[in-house]
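The following exercises concern a predicted model. Please attempt each task with the structure in view before reading its solution.

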Amino acid sequence: MTTTPLADRPTTTVAARATELSKVYGQGETQVVALDRVSVDFKQAEFTAIMGPSGSGKSTLMHCVAGLDSFSSGSVRIGDTELGSLKDKQLTKLRRDKIGFIFQAFNLLPTLTALENITLPMDIAGRKPDKEWLESVISMIGLADRLRHRPSQLSGGQQQRVAVARALASRPDIIFGDEPTGNLDSRAGAEVLGFLRNSVRELGQTVVMVTHDPVAAAYADRVVFLADGRIVDELYGPTADGVLDRMKRLDTRTVRTS
Ligand SMILES: Nc1ncnc2c1ncn2[C@@H]1O[C@H](COP(=O)(O)OP(=O)(O)OP(=O)(O)O)[C@@H](O)[C@H]1O
Ligand SMILES: [Mg+2]
């Protein structure tokens, strides 16, 4: 067996990184430490799920790393850019150019067709979509024959796939989803998750997804577990059973220490 010298190995690039990230809400007795010195890397072309009990800081972590929310201390990097060094306008531009979002509610505009919804962020930004890329995204979501339909003419799963395509269309460096399948039944959820996983495997997309569902988390390459604003566990190559098992252990831990 031959081994590649260390220097010749491809280095995995970090798409986003939080270092000692803290977020504190309020003051005095009403103070809530939503994030407590969290350090985490999201590597390029990796699909990460973030899990943890309600109130553990999942959405806060995602919003801070995605530049949607300010943080109290620590730092966040998207690619090579430190978010703390940006002025508001630059942050808005970075969010528009480098980051894609998928929300629990699909947030599609009812008067626009599926295709118009997909290209809307780029239309607003005055950017032309890369035609080849757009075609590969559309063919992957499997909605080529539904592009002229309006959201009300699509099923929930189809609408969420349009929302995923919209997030992918501008070819962002990283996509964040806060429970992107939370409103879908299991079959529609599986469609969207399969699609997200394909975008990572086939297109090299980076995806970070908050979820409560061990089955959804099992689509990811890695699961990061939060409790009380801290990262308490991490699992690579997760299975639904493996995730469930870790969650149970986390629950016992939380009960014991509280
Ligand atoms: N605007 C706010 N003001 C004060 N406290 C807040 C605010 N937003 C969130 N928090 C608190 O910060 C903590 C983390 O909230 P966060 O929304 O990140 O949790 P979560 O893990 O996403 O929970 P869920 O699974 O219920 O969505 C919670 O204790 C919450 O009450
Ligand atoms: Mg949340």
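## Exercise 1. The nonpolar cores

The largest nonpolar core has 45 residues, and within it Phe47, Ile118, Leu168 and Val223 touch the most other members. Task: determine which helix gives the most to this core, and list what Val223 touches beyond its neighbours within four places in sequence.

Solution. Step one: the helix that contributes the most is helix 5 (residues 156-169), with seven residues. Step two: with neighbours within four places in sequence set aside, Val223 is in contact with Ala49, Met51, Ala217, Asp233, Glu234, Leu235, Pro238 and Val243. Step three: another core, of 27 residues, lies apart from the largest one, and its members include Cys64, Val76, Leu94 and Val208. As background, nonpolar side chains in soluble globular proteins tend to be buried together.

## Exercise 2. The six-stranded sheet

Task: give the strand order of the open sheet of six strands, and explain why one side of strand 6 and of strand 10 is left without a neighbour in the sheet.

Solution. Step one: the order is 6-7-8-3-9-10, and the pairing is mixed. Step two: strand 6 and strand 10 (230-236) are at the edges and each has a single partner strand, so each keeps one side without a neighbour in the sheet. Step three: on average, neighbouring strands of this sheet are turned by 20 degrees against each other, direction ignored. Step four: one of the pairs is formed by strand 3 and strand 9 (residues 222-227), which are parallel and share four bridges; here Thr48 has Arg222 in strand 9 as its bridge partner.

## Exercise 3. Strand 7 and its surroundings

Task: establish which residues of strand 7 lie on each of its two faces, and how the chain crosses from strand 7 to strand 8.

Solution. Step one: in a regular strand, side chains alternate between the two faces of the sheet. Step two: Ile174, Phe176 and Asp178 are on one side of strand 7, Ile175 and Gly177 are on the other, and all are buried. Five of the five residues of strand 7 (residues 174-178) are therefore buried, taking under 20% relative accessible area as the criterion. Step three: strand 6 (residues 99-102) runs parallel to strand 7, with four bridges joining them, and Phe101 is paired with Phe176. Step four: strand 7 also pairs in the parallel sense with strand 8 (residues 207-210), over four bridges, where Ile175 has Val207 as its bridge partner. Step five: between strand 7 and strand 8 the chain passes through helix 6 (residues 186-203), giving a right-handed β-α-β crossover.

## Exercise 4. Helices 5 and 6

Task: describe the span of helix 5 and of helix 6, and state what covers the buried residues of helix 6.

Solution. Step one: helix 5 has 14 residues and reaches 20 Å from first to last C-alpha, close to the 20 Å expected. Of its 14 residues, 13 are buried. Helix 5 lies across strand 6 and strand 7, at about 170 degrees to strand 6. Just after helix 5, Arg171 has a positive phi of about 55 degrees.

Step two: helix 6 has 18 residues and reaches 25 Å between its first and last C-alpha, close to the 26 Å expected. Its buried residues are Ala188, Gly189, Val192, Leu193, Gly194, Phe195, Leu196, Ser199 and Val200. Their cover includes strand 3 (47-51), strand 6, helix 4 (131-141), helix 5, strand 8 and helix 7 (214-217).

## Exercise 5. The four-stranded sheet and Leu83

Task: give the order of the open sheet of four strands, then decide whether Leu83 is buried or exposed.

Solution. Step one: the order is 2-1-4-5, with antiparallel pairing. Strand 2 (32-43) and strand 5 (81-82) stand at the edges. Step two: strand 1 (residues 14-25) and strand 4 (residues 73-78) run antiparallel and are joined by five bridges, with Ser22 opposite Ser73. Step three: helix 1 (residues 58-65) lies across strand 1, strand 2 and strand 4, at about 120 degrees to strand 1.

Step four: Leu83 is in the loop between strand 5 and helix 2 (88-98). Its relative accessible area is 7%, so Leu83 is buried. Leaving aside neighbours within four places in sequence, Leu83 contacts Cys64, Val65, Gly67, Val76, Ile78, Leu91 and Leu94.

Notes. Residues are numbered from 1 along each chain as its sequence is written. Chains are lettered from A and ligands numbered from 1 in the order in which they are written. This is a predicted model: local features need pLDDT of at least 70, side-chain atom pairs count only at pLDDT 80 or more; totals for chains, interfaces and linings use all residues. Side-chain values use heavy atoms; hydrogens and water are left out. A nonpolar core is a set of buried Ala, Val, Leu, Ile, Met, Phe, Trp, Tyr and Cys residues joined through side-chain atoms within 4.5 Å. Buried means under 20% relative accessible area, exposed over 50%, partly exposed in between (1.4 Å probe, protein chains only). Contact means heavy atoms within 4.5 Å. Two strands pair if DSSP finds at least two bridges between them. A crossover is right-handed if, with the strands pointing away from the viewer, the path from the first strand over the helix to the second runs clockwise. Axes are lines fitted to C-alpha atoms, for helices over the stretch in contact, and angles run from 0 to 180 degrees between N-to-C directions. The expected span of a helix is 1.5 Å times one less than its number of residues.
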